[in-house]
Amino acid sequence: MQELINRAKEMLDDGTVARVLGWKAGDLPYNPEPAYFEDAESLKDFVYNGFCGANLSKYMIEASKLEGKTLVFLKPCDTYSFNQLIKEHRVDREKAYIIGVGCKGKLDIEKIRAQGIKGIESIEGAEITDDADTLKVQTIYGEKSCAYADAMLERCHVCKGKEHKIYDEQIGESKETKDGERFDEVARIEAMAPAEKFAFFQKELSKCIRCNACRNVCPACSCRKCVFDSNKFDSAQKANVDSFEEKMFHIIRAFHVAGRCTDCGECSRVCPQGIPLHLFNRKFIKDIDELYGEYQAGDDTESKAPLTNYTFEDAEPSIVGKRG
Amino acid sequence: MQRIGVFVCHCGSNIAATVDVSKVAEMALMEPGVVHAEDYQYMCSEAGQAKIADAIHEKKLTGIVVCSCSPRMHEATFRKAAERAGLNPYMVEIANIREHCSWIHKDMEEATKKAVILMRAAVAKVNLNTPLQPGESRVTKRALIIGGGIAGIQTALDIADAGYEVDIVEKTPSIGGRMSQLDKTFPTLDCSACILTPKMVEASAHEKIKIYTYSEVENVSGFVGDFTVDIRKKARSVDMDKCTGCGVCQEKCPSKKAPSEFNRGLNNRSAIYTPFAQAIPNVPVIDREACIKFKTGKCGICSKVCQAGAIDYEQKDEIITEKYGAIVVATGFDTINLDKYDEYAYSQSKDVITSLELERVMNAAGPTHGHLERLSDGKAPKEMVFIQCVGSRCSDDRGKPYCSKICCMYTAKHAMLIRDKYPDVNVTVFYIDVRTPGKNFDEFYRRAVEQYGVNYIKGQVGKVIPQPNGKLLVQGSDLLDNRQILKEADMVVLATAIEPNPDVRKIATMLTASIDTNNFLTEAHAKLRPVESPTAGIFLSGVCQGPKDIPETVAQAGAAAVKAIGLLAKDKLMTNPCTAHSDELLCNGCSTCENVCPYGAITYEDKEVNDHGIREVRRLAVVNSALCQGCGACTVACPSGAMDLQGFSNRQIIAEVDAICR
């Protein structure tokens with residue numbers, strides 16, 4: 001972490017960048033938040049640890065409009081989002097100095113709490129430089145411990161890889177965290193009977209409080225004005241009169257990001273209700289892979305996306321009927 | 001608020017027998033904005049149109065809904081009627097209660113319910129309609145013909161004779177197509193080459209016709225009157241200007257093992273070749289897959305023997321970009337692959353051949369120089385069996401559901417020619433039905449039976465079994481005598497089903513022309529517009545549209561030419577005002593619409609906007625309405641809903657859906 005701060009100071013001092021986009025410590029040991037740092041002094045609050053799951057790519061949309069370059073720290077998985085935003089002309093590559101930071105898997109406080117660890121005062125082992133496989137958690141009830149892997153976010157168990165897809169320089173090593181298959185859960189839901197599937201999603205989506213956290217954090221949800229906020233469309237009103245309105249919102253959102261979603265997992269990470277929102281997006285990704293060949297949004301900034309590109313090898317529309 | 005009039009057509013009994021039309025009119029009056037509703041026997045008649053005009057005047061209507069047949073039939077009629085009465089024609093909407101309702105339903109109550117719903121959707125849309133004004137676009141006075149067979153040649157000649165420039169793009173090294181492979185033609189038995197080659201010569205000599213052989217259409221953009229087409233001229237490796245067509249290169253070429261496409265692979269050709277003697281242009285091509293020079297770098301004999309110095313191993317594919325006002329598809333057919341019909345032993349015995357292969361065997365320029373002989377041992381056959389409908393009229397997915405139409409006649413022709421030239425050969429034909437509608441066709445078939453003694457057996461063949469003695473055991477049934485037949489034959493000829501040239505899928509996609517489940521190009525109307533594609537400016541000639549024989553193909557080729565000429569004769573076309581536009585305050589500038597636009601109508605510009613006080617320069621989508629064809633692909637791809645289509649706005653579509661789901 002100190003290495004990142006030193007480098008940031010250096011670049012602010014020599015004027016290469018006008019500001020630094022990183023994470024600063026929150027009020028609790030496990031809730032650091034995205035922040036701009038405009039001088040060396042402010043960098044005292046900078047943190048980078050296992051709880052820095054936030055993907056900073058989307059903040060670069062606004063940062064691209066500011067004077068001067070912005071130094072942004074991106075984890076390997078965040079770089080996919082950044083590439084996708086370049087492809088959509090939403091960020092300015094020239095306005096960003098990207099430091100690819102190492103990652104050893106990001107932590108999910110809910111997973112720690114689920115193990116009965118409550119009243120947390122401090123956590124050891126979450127530092128990026130730590131090699132520890134175990135987290136030591138000081139609680140008001142005494143010291144507890146839990147395996148690092150058991151506290152990781154779902155997305156880290158199906159990690160896309162240690163490689164930064166775009167960067168100007170790299171600092172820190174990444175660790176292999178993948179121990180599961182990305183589409184297993186989707187396949188399990190696909191196998192359900194329609195009624196069972198509906199019940200599953202109704203149960204999950206009914207928890208939604210429409211706080212819009214998923215939309216606000218999503219790098220693909222970068223429309224100037226969301227259709228749900230615009231009086232030009234009737235989508236919002238329609239969603240409100242539906243007996244289970246959230247399905248309109250989430251399903252329309254999934255359609256809008258289909259083919260552009262990099263599966264960064266931020267929607268599920270920030271959902272205060274714990275809805276596995278990434279499953280919708282992953283279903284689309286799985287279908288795209290199966291129908292058009294494997295495609296990873298954000299893998300690069302040039303390739304044509306299967307849903308907005310036609311080739312003679314494309315699946316015929318009748319395939320939908322056959323697949324159900 | 002609109003003042004809408006709803007007019008419900010009986011269409012005689014076409015609609016009224018299944019839909020309670022007065023109920024639909026009565027229900028219409030309850031819809032928002034509707035101030036007038038009536039039903040009438042024939043809305044499209046002059047009296048019907050007068051009713052619309054009267055109502056526009058009397059009730060001061062601002063919008064019209066006609067509940068009638070498909071908009072493909074009469075939308076133009078009603079729009080014109082409204083225009084004459086002073087209404088903008090785009091304030092007219094059609095609710096299709098015939099094709100979408102009365103024709104497909106039986107129960108009156110259900111059908112009436114549906115007709116009311118369709119009426120409601122149209123009223124909901126008209127409530128949001130706005131007057132639109134069409135623009136104008138120019139017409140490039142040149143036609144492109146894809147395919148240089150008899151269909152393409154005839155269409156080209158007819159268009160060129162009317163004084164317009166025509167380009168023919170032909171994939172193979174020569175024009176001529178399937179007809180050039182045929183020996184004799186029914187029902188007159190004149191030599192195919194003798195009647196085709198004069199047309200080939202005429203086309204190549206015509207000052208208005210340019211022929212691109214060994215070339216393929218690579219890309220098509222634009223729209224009716226103004227298509228831009230990329231043509232790939234494949235590297236011929238022979239300079240067309242220098243070559244004199246002497247043929248020495250072909251004689252001296254040491255690589256002679258490539259199967260001859262022209263002779264259906266029954267014999268071999270050299271690596272440098274012209275497909276047949278009368279080929280046009282009479283300039284060979286080098287098959288780079290077969291050429292020793294290209295494979296090993298050594299050889300170069302053709303270059304050494306060529307007096308004209310025409311051989312050019314360095315030649316590269318060339319892309320020619322040209323503009324056209326009209327495009328005629330004449331891509332023709334091929335015979336189906338017989339892998340799924342192994343019971344006929346086609347892959348097991350050289351003496352089981354297709355009818356098209358028999359054409360080559362019977363032809364003086366063919367692999368046997370026109371002698372009827374077995375391809376396995378060169379012996380003259382004594383017993384020949386013809387099997388009809390191999391892959392045609394097939395109920396499973398091995399073959400084609402349709403009748404290939406030409407087989408009954410060419411089989412009668414083959415049988416007759418063989419019996420005439422080799423009276424000692426017995427000819428048996430197994431058939432399901434003999435279909436001979438056509439001028440002098442049945443007479444022709446009867447001559448084969450009565451005069452030439454061809455043995456026709458009604459029944460199919462179950463199996464052809466190659467025997468150790470080299471003969472073929474044919475196991476079939478005679479349905480009229482109700483008995484099984486076992487017959488030893490020396491040769492078996494399969495009347496193999498024809499299918500559209502496989503390349504047509506690619507071409508149809510480039511042209512956005514629709515094809516049916518059998519890959520035949522779809523006509524704009526099966527009866528009334530049989531040579532036009534539903535895509536404006538695209539015309540159909542020959543078998544690409546459906547199975548047909550030479551006289552029908554030539555007739556259709558002329559019809560397609562007339563339609564193309566009708567288009568080229570115009571100086572300007574009215575453009576569709578239903579084009580897309582983007583909302584500057586919603587556009588993200590993400591390029592999604594640009595990626596999906598098939599017409600290249602969308603570009604981006606940096607523009608300063610004032611978004612509720614926030615002034616900034618944004619990357620915004622701009623639609624060129626002269627290029628936009630209103631397909632709507634951008635409107636559904638746009639994630640933020642910034643793209644919208646005039647006449648089919650997102651709001652209008654949602655209003656229709658809402659009305660249907662109400």
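The legends below describe close-up views of a predicted model containing chains A and B.

**Figure 1. Overall dimensions and secondary structure of chain B in the predicted model.** Chain B comprises 662 residues, of which 47% count as buried. Its secondary structure amounts to 18 helices and 34 strands. Taken along the principal axes, the box filled by the C-alpha atoms of chain B is roughly 85 × 65 × 40 Å. When contacts in chain B between residues at least 6 apart in sequence are considered, 71% join residues at least 24 apart.

**Figure 2. Domains of chain B.** The assignment divides chain B into five parts: domain 1 covers 4-126, domain 3 covers 248-305, domain 4 covers 335-499 and domain 5 covers 580-646. Domain 2 is assembled from the segments 142-234, 317-332 and 501-568. Between the C-alpha centres of domain 3 of chain B and domain 5 of chain B there is a separation of 53 Å.

**Figure 3. Packing of helices α2 and α3 of chain B.** Helix α2 (residues 46-59) and helix α3 (residues 71-84) of chain B have axes that come within 9 Å and cross at roughly 40°. At this angle, α2(B) is oblique to α3(B). The crossing of the two helices, α2(B) over α3(B), is right-handed. From α2(B), the contact involves Gln49(B), Ile52(B), Ala53(B) and Ile56(B). The partners supplied by α3(B) are Phe78(B), Ala81(B), Ala82(B) and Arg84(B). Sorted by class, the residues of this contact between α2(B) and α3(B) are six nonpolar, one polar and one charged.

**Figure 4. Packing of helices α6 and α7 of chain B.** The axes of helix α6 (residues 150-161) and helix α7 (residues 192-205) of chain B cross at roughly 50° and come within 10 Å. The angle makes α6(B) oblique to α7(B). Here the crossing of α6(B) and α7(B) is left-handed. On the α6(B) side, the contact is formed by Ile150(B), Ile153(B), Ala156(B) and Leu157(B). On the α7(B) side, Leu196(B), Lys199(B), Met200(B), Glu202(B) and Ala203(B) take part. Seven residues of the contact of α6(B) with α7(B) are nonpolar and two are charged, with no polar residue.

**Figure 5. Packing of helices α5 and α18 of chain B.** Helix α5 (residues 108-126) and helix α18 (residues 650-661) of chain B cross at roughly 150°, and their axes come within 8 Å. With this angle, α5(B) is roughly antiparallel to α18(B). The crossing of α5(B) and α18(B) is right-handed. Helix α5(B) contributes Ile117(B), Arg120(B), Ala121(B), Ala124(B) and Lys125(B) to the contact. Helix α18(B) contributes Gln652(B), Ala655(B), Glu656(B), Asp658(B), Ala659(B) and Ile660(B). The residues of the contact of α5(B) with α18(B) comprise six nonpolar, one polar and four charged.

**Figure 6. Surroundings of Leu494(B) in strand β27 of chain B.** Leu494(B) belongs to strand β27 (residues 491-496) of chain B. This residue is buried because 28 other C-beta atoms lie within 10 Å, and 20 or more are required for that description. Leaving aside residues up to four places away in sequence, Leu494(B) touches Tyr344(B), Tyr346(B), Val352(B), Thr354(B), Ser355(B), Ile387(B) and Val390(B). One of these, Val352(B), is 142 residues from Leu494(B) along the chain, yet their C-alpha atoms are separated by 7.3 Å.

**Figure 7. Contact between chain B and chain A.** Chain B supplies 18 residues and chain A supplies 17 residues to the contact. On the side of chain B that touches chain A, at least two residues come from each of α14 (504-511), α16 (592-596), β33 (614-623) and α18. The largest share of that side, three residues, is provided by α16(B). By class, the side of chain B that touches chain A consists of six nonpolar, nine polar and three charged residues.

**Figure 8. Domains 1 and 2 of chain A and the contact between them.** Domain 1 of chain A combines 1-107 with 160-178, and domain 2 spans 181-324. Their centres, taken over C-alpha atoms, are separated by 26 Å. In the contact, 16 residues belong to domain 1 of chain A and 13 residues to domain 2 of chain A. Helix α3 (residues 76-87) of chain A gives nine residues, the largest share of the side of domain 1 that touches domain 2. That side of domain 1 of chain A has five nonpolar, six polar and five charged residues.

How values were computed: Residues are numbered from 1 along each chain as its sequence is written. Chains are lettered from A and ligands numbered from 1 in the order in which they are written. This is a predicted model: local features need pLDDT of at least 70, side-chain atom pairs count only at pLDDT 80 or more; totals for chains, interfaces and linings use all residues. Axes are lines fitted to C-alpha atoms, for helices over the stretch in contact, and angles run from 0 to 180 degrees between N-to-C directions. Helices (H or I, at least four residues) and strands (E, at least two) are DSSP runs, numbered from the N terminus. Angles under 35 degrees count as roughly parallel, over 145 as roughly antiparallel, 65 to 115 as roughly perpendicular and the rest as oblique. A crossing is left-handed if the near helix is turned anticlockwise from the far one by less than a right angle, and right-handed if clockwise. Two residues are in contact if their C-beta atoms, placed from the backbone, lie within 7 Å. Ala, Val, Leu, Ile, Met, Phe, Trp, Tyr, Cys and Pro count as nonpolar, Asp, Glu, Lys and Arg as charged, and the others, Gly among them, as polar. A residue is buried if 20 or more other C-beta atoms lie within 10 Å of its own, exposed if 12 or fewer, and partly exposed in between; C-beta atoms are placed from the backbone. Domain bounds come from an automatic or database domain assignment.
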